[in-house]
Amino acid sequence: MPGPLVVMKFGGSSVANADRIRRVAARIARARSNGGDLVVVVSAMGDTTDELIALAGAITDEPDPRELDMLLATGEQQSSTLMSMALHALGVPAIALSGPQAGITTDGNYGEARIAGIDTARIQAEREKGRAVIVAGFQGQSLRDPHLAEVTTLGRGGSDVTAVAIAAALEADRCQIFTDVRGIYTADPRLVPDARQLPVISYEEMMELAHQGAQVVQGRAVELGWVNNVVLEVLSAFEDVPGTLIKEDPFVEQRNKVRGLAHDRNVAKITLVEVPDRPGVAHSVFEPLADAGINVDTIVQNVGHHGTTDLSFTIGRADLARARRILEPVVRELGFREMTTDSAMAKVSIVGAGIQNAPGYASRMFAALAAAGVNIEIISTSEIRITCMIAEDQLETAVRALHKAFALEEPEPLLGDTAEGSSGAAKPGA
């Protein structure tokens, strides 16, 4: 009898070359021989997606969105077919399916499509034939017009979304995300050598870490897991060691109030100086940015004086040039004094579900940054997060100072639970 159904997702670094694909295929074969019931989702090999984007950019500055999605979808199709070939070479019956062949339909928005549904009939049929099903992640098929089905891609980290959505549709027992790290850490171990791996983290905390810059798991994938009660497990593709479970956490109030730090270098700040302080001005600024698909993160408006105010907000660094072009006519039309920009920004965040019920964490964060000589430019908060915008060249100093200030390197003792790392991580959904 097959064991519990597990969806396994392997990231780009896991399948970066032929040797790594063979190693992953051997791992899949071992799991099947031990009774594992598996569906596998793969990302594009290594930096393939970035290389395809660069190739399109060498052809034209503004690639047609439809054609770009057609191009980018080939990356995952390469890795899925090569994985299937590697399994065939090991004597394992396997079949590679593109996103559309796997029954994934989307809302039709090129480049950032969202999954609208999954018809699992083809996947189930192939499983019943005893085949290992290898699905190309990051892609689906738009059904806006049934007679003109189009390939669409799901945005950065879209293979994570594919894997979790398939796990939910198949009612899998777990979705395993294999990456180049062992699991989720209290901070990026490349910046903080004594960062500690977390055996378990709640969906809410992981989603906030992902949105604030942690790149291990895509935020939309965590949200899908949360909504559909799919237990996620982040594991190393290169070491056979325990990973991190992402699930509902009954011990959340007994853990450290701050569970981890996230940082993001992809930040730029725009400040509109002496904006007329009257109704409708903010709408005039942010509507054209929204229409252009530019996401605005943090917005700060000063108290108005003498009929004007200053308005600052942050966006992704890659969107800065485009945002400037969009806003220059708005600045002239509405009579702002000037628009200033700063592309050398970063943000650092402390995240933890306990922050909302305990005082003093903002003060402690600000004190640690001040002692480290880090100047704070903008502050934003949510119920479980405090984020500070700082100069990019101070980011590493800030992350290390905050990790030490909140003693995140120290293990978390749990009242009445001394086996968190073993029995607490043994059963899916436990």
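Let me start with the contact between α1 and α3. On the α1 side, the residues involved are Ile21, Val24, Ala25, Ile28 and Ala29, and on the α3 side they meet Leu82, Met83, Ala86 and Leu87. Sorted by class, this contact has 9 nonpolar residues, no polar ones and no charged ones. Everything I describe today comes from a predicted model, so please read the angles and distances as computed values.

Now the geometry of that pair. Helix α1 covers residues 18-33, and its axis is 9 Å from that of α3, at an angle of about 60 degrees. That angle makes α1 oblique to α3. The crossing of α1 and α3 is right-handed.

Helix α3 has a second helical partner, α2. Which residues meet there? From α2 we have Thr48, Thr49, Leu52, Ile53 and Ala56, and from α3 we have Leu68, Leu71, Leu72, Thr74, Gly75 and Glu76. By class, that contact divides into 6 nonpolar, 4 polar and 1 charged. Helix α2 is residues 48-59 and helix α3 is residues 65-89; their axes come within 9 Å and cross at roughly 150 degrees. At that angle, α2 is roughly antiparallel to α3. The α2 and α3 crossing is right-handed.

Helix α3 also contacts strands. It lies across β7 and β8, and runs at about 70 degrees to β8. Those two strands belong to an open sheet of 4 strands, in the order β5-β4-β7-β8, with mixed pairing. Where are the edges? They are β5, residues 115-118, and β8, residues 150-153; each has a single partner strand, so one side of each has no neighbour in the sheet. From one strand to the next, the twist averages 45 degrees.

Inside that sheet, strand β4, residues 104-106, runs parallel to β7 and is joined to it by 2 bridges. Thr106 has Ser142 in β7 as its bridge partner. Another helix packs on this sheet: α5, residues 158-170, lies across β4, β5 and β7, and makes an angle of about 40 degrees with β5.

Next, the sheet of 8 strands. It is also open, and its order is β3-β6-β2-β1-β9-β11-β12-β10, with mixed pairing. Here β3, at 94-97, and β10, at 200-201, are the edge strands; each has a single partner, so one side of each is left without a neighbour in the sheet. One pairing in the sheet is β9, residues 174-179, with β11, residues 232-236: the two are parallel, over 5 bridges. Thr179 has Ser236 in β11 as its bridge partner.

A few backbone points now. As a general matter, most residues other than glycine have a negative phi. Phe138 is not a glycine, yet has a positive phi of about 75 degrees. Phe138 sits in the loop between β6, 132-136, and β7, 139-142. Is Phe138 buried or exposed? With a relative accessibility of 8%, Phe138 counts as buried.

Glu274 is another residue that is not a glycine but has a positive phi, about 55 degrees in this case. Glu274 is found within strand β13, residues 260-276. Its relative accessibility is 33%, so Glu274 counts as partly exposed.

That strand brings us to the last region, around helix α11. In α11, residues 395-405, the buried residues are Leu395, Ala398, Val399, Ala401, Leu402 and His403. What do they pack against? The buried residues of α11 pack against β13, β16 (338-351), α10 (361-371) and β18 (385-391). Just after α11, Ala407 takes a positive phi of about 50 degrees.

Of those partners, β18 deserves some detail. How many of its residues are buried? In β18, 6 of its 7 residues are buried, so the strand is mostly covered. Strand β18 pairs with β16 in the antiparallel sense, over 7 bridges. In that pairing, Val351 stands opposite Arg385 in β18. Strand β17, residues 378-382, is also antiparallel to β18, with 5 bridges between them. Ser380 has Thr387 in β18 as its bridge partner. The strands β17 and β18 form a hairpin, with 2 residues between them.

Note on methods
Residues numbered from 1 in each chain as written. Predicted model: local features only at pLDDT ≥ 70, side-chain atom pairs only at ≥ 80, totals over all residues. Heavy atoms only, no water. Axes fitted to C-alpha atoms, helices over the stretch in contact; angles between N-to-C directions. Parallel < 35°, antiparallel > 145°, perpendicular 65-115°, else oblique. Left-handed = near helix turned anticlockwise from the far one by under 90°. Contact = heavy atoms within 4.5 Å. Nonpolar A, V, L, I, M, F, W, Y, C, P; charged D, E, K, R; others polar. Pairing = 2+ DSSP bridges. Buried < 20%, exposed > 50% of the residue type's maximum accessible area, 1.4 Å probe, protein only.
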